[in-house]
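Work through the exercises below with the structure open. Each task is followed by a solution in steps.

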Amino acid sequence: LTFPLLLVTFLVSFGSSMLYGYNLAVVNSPAVYIKAFYNSTWSRRYGHGLAPGPLTLLYSLTVSIFALGGLVGSLLVGLLVERYGRNGTLSRSTLLVLLAGGFMGFSQELGSPEMVIIGRSITGLHSGRCCLGCEAVHKIAPKNLRGFLGLVPSIFICLGVFFAQVLGLPELLGKDRFWPLFLSVVVVPAFLQLLLLHCFPESPRYLLIERNDICGATEALRCFLGTPDVQDVIKEMKEEQESLSSMEMVSIWQLLRDRSVRWQTLSVVVVNASMQLSGIDAIWFYTNTIFENSGIPVSQIPYTTVGTGAIEVVAGMIGCFTIEKLGRRPLIITGFCIMGICLAGITISLLLQTVLPWMCYVSVACVVGIIAGFCMGPAGIPFLMTAELFTQSHRPAAYIMGGSLNWLCNFTVGFIFPFLQRSAGAFCYLVFCAVCLLVALYVYLVIPETKNKTFMEISRVFA
């Protein structure tokens, strides 16, 4: 593991994955202030405030519109990378974050809730390209480091969530007058990435395969791998280039109809959809509401939330540093099982909290367990599996399909959870519990271990 390779992994993850994590959690602590802003603006415009139902609907749209932007961004990744390369695409998407920060930062001053919603959708558009960072890291990583470097972006997602929780404390930006600034902090890491990204060469595979720039690819490999002898890697990439020239890339429809990869396709659908249907976004988006319903005193909720964020960072690091030793399957199966058990635990604790007051602390422990279980494996391994389960001809279609499902499920959970919570009460978490346990069973029965295996070896196992 060379310093340039580690540094470019850090930089790509810092400006992409960390922003994604930050935007997942940033709407949690200022929810009360944002709703009050919407209500007062509506009252000034129309002479009356919003009823609880429409207000919940408008706030749910603010939370979930981020995922619709992410869906559009994920669909545009392939086209933009082909035209501008990795560095060019990330730079252009960073400019979008600066625009979004301006919309959200001045929304209260201009009395425009629409600017908050537009800003959230634009940040989602940027985060939709988060998978580009994961894919870029995967392409430059040696085979024995694919798992480790593939999970580094998931650590930065956890760090983004943690920073949002820390900045949301009442002593920092968790106040009524600061929430627009809190939402627009996203411009800081985006601007740093924009400044530093061009200090590093473009992806070697992009330079050789897409641009036919052998000299540029050679220099990039020497920089990333820290050795002047890269001829074996160049030879392998040339063979890939020759195979791609005679290979037809399949579409999503062709991928779905291809019986030779039907189990790989189904596996990508299951693991990518389950990332969001596991309920993790409901936990991140509405942590304060969950703790409030659990009976935690309002004054202690921000600090409790920060504690859960610190634990999820530790869990993400455990997964990152053990994946090459334990493999993909044990981490993802264990993660989903822990999440399922803790989701059932939240339901039980909420049902018993009127009889046993100390059950509120069980709820906190269960939330910690859900987040820790997710960060240990399910947070990053589905992206890694999508790359490892397919050969190059099928991989782009698999990425588009997996990313689209991920964002659609993200939007669904973020939008309906407040209504599900109001209608089903404590039992709403059992839906997510069932999803987690069923997915763990599916991975155990169907998906093989992919650690240190080539794409052809993995295909033969499925066959």
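**Exercise 1.** From which domains does the lining of the second largest pocket draw at least three residues each?

Solution. The model is a predicted one.
- Step 1: Domain 1 (1–200) and domain 2 (250–462) each give at least three residues to the lining of this pocket.
- Step 2: The pocket has a volume of about 600 Å³. Among its 26 lining residues, Ala-31, Val-32, Asn-288, Thr-289 and Glu-292 are the closest to the centre.
- Step 3: At least two lining residues come from each of α3 (31–46), α4 (52–105), α16 (287–293), α17 (301–326) and α21 (395–424).
- Step 4: Sorted by class, the lining holds 13 nonpolar, 10 polar and three charged residues.

**Exercise 2.** Describe the second largest cavity and its lining.

Solution.
- Step 1: Six cavities of 30 Å³ or more are counted, and the second largest has a volume of about 70 Å³.
- Step 2: Its lining consists of Ala-25, Asn-28, Ser-29, Ala-164, Gln-165, Gly-168, Asn-288, Pro-302 and Thr-305.
- Step 3: By class, three of these are nonpolar, six are polar and none is charged.
- Step 4: α7 (146–167) and α17 each supply at least two of the lining residues, and domain 1 (1–200) and domain 2 (250–462) each supply at least three.

**Exercise 3.** How are helices α14 and α20 oriented, roughly parallel or roughly antiparallel?

Solution.
- Step 1: The axes of α14 (residues 262–277) and α20 (residues 381–388) come within 9 Å and cross at roughly 160°.
- Step 2: Angles over 145 degrees count as roughly antiparallel, so α14 is roughly antiparallel to α20.
- Step 3: The crossing of α14 past α20 is left-handed.

How values were computed:
Residues are numbered from 1 along each chain as its sequence is written. This is a predicted model: local features need pLDDT of at least 70, side-chain atom pairs count only at pLDDT 80 or more; totals for chains, interfaces and linings use all residues. Side-chain values use heavy atoms; hydrogens and water are left out. On a 1 Å grid over the protein atoms alone, a cavity is a set of points where a 1.4 Å probe fits but cannot get out, and a pocket is an open set with protein on both sides within 12 Å along at least five of seven lines; lining residues have an atom within 4 Å of a point. Grid points are joined across faces, edges and corners, and a volume is the space filled by probe spheres set on the points. Helices (H or I, at least four residues) and strands (E, at least two) are DSSP runs, numbered from the N terminus. Ala, Val, Leu, Ile, Met, Phe, Trp, Tyr, Cys and Pro count as nonpolar, Asp, Glu, Lys and Arg as charged, and the others, Gly among them, as polar. Domain bounds come from an automatic or database domain assignment. Axes are lines fitted to C-alpha atoms, for helices over the stretch in contact, and angles run from 0 to 180 degrees between N-to-C directions. Angles under 35 degrees count as roughly parallel, over 145 as roughly antiparallel, 65 to 115 as roughly perpendicular and the rest as oblique. A crossing is left-handed if the near helix is turned anticlockwise from the far one by less than a right angle, and right-handed if clockwise.
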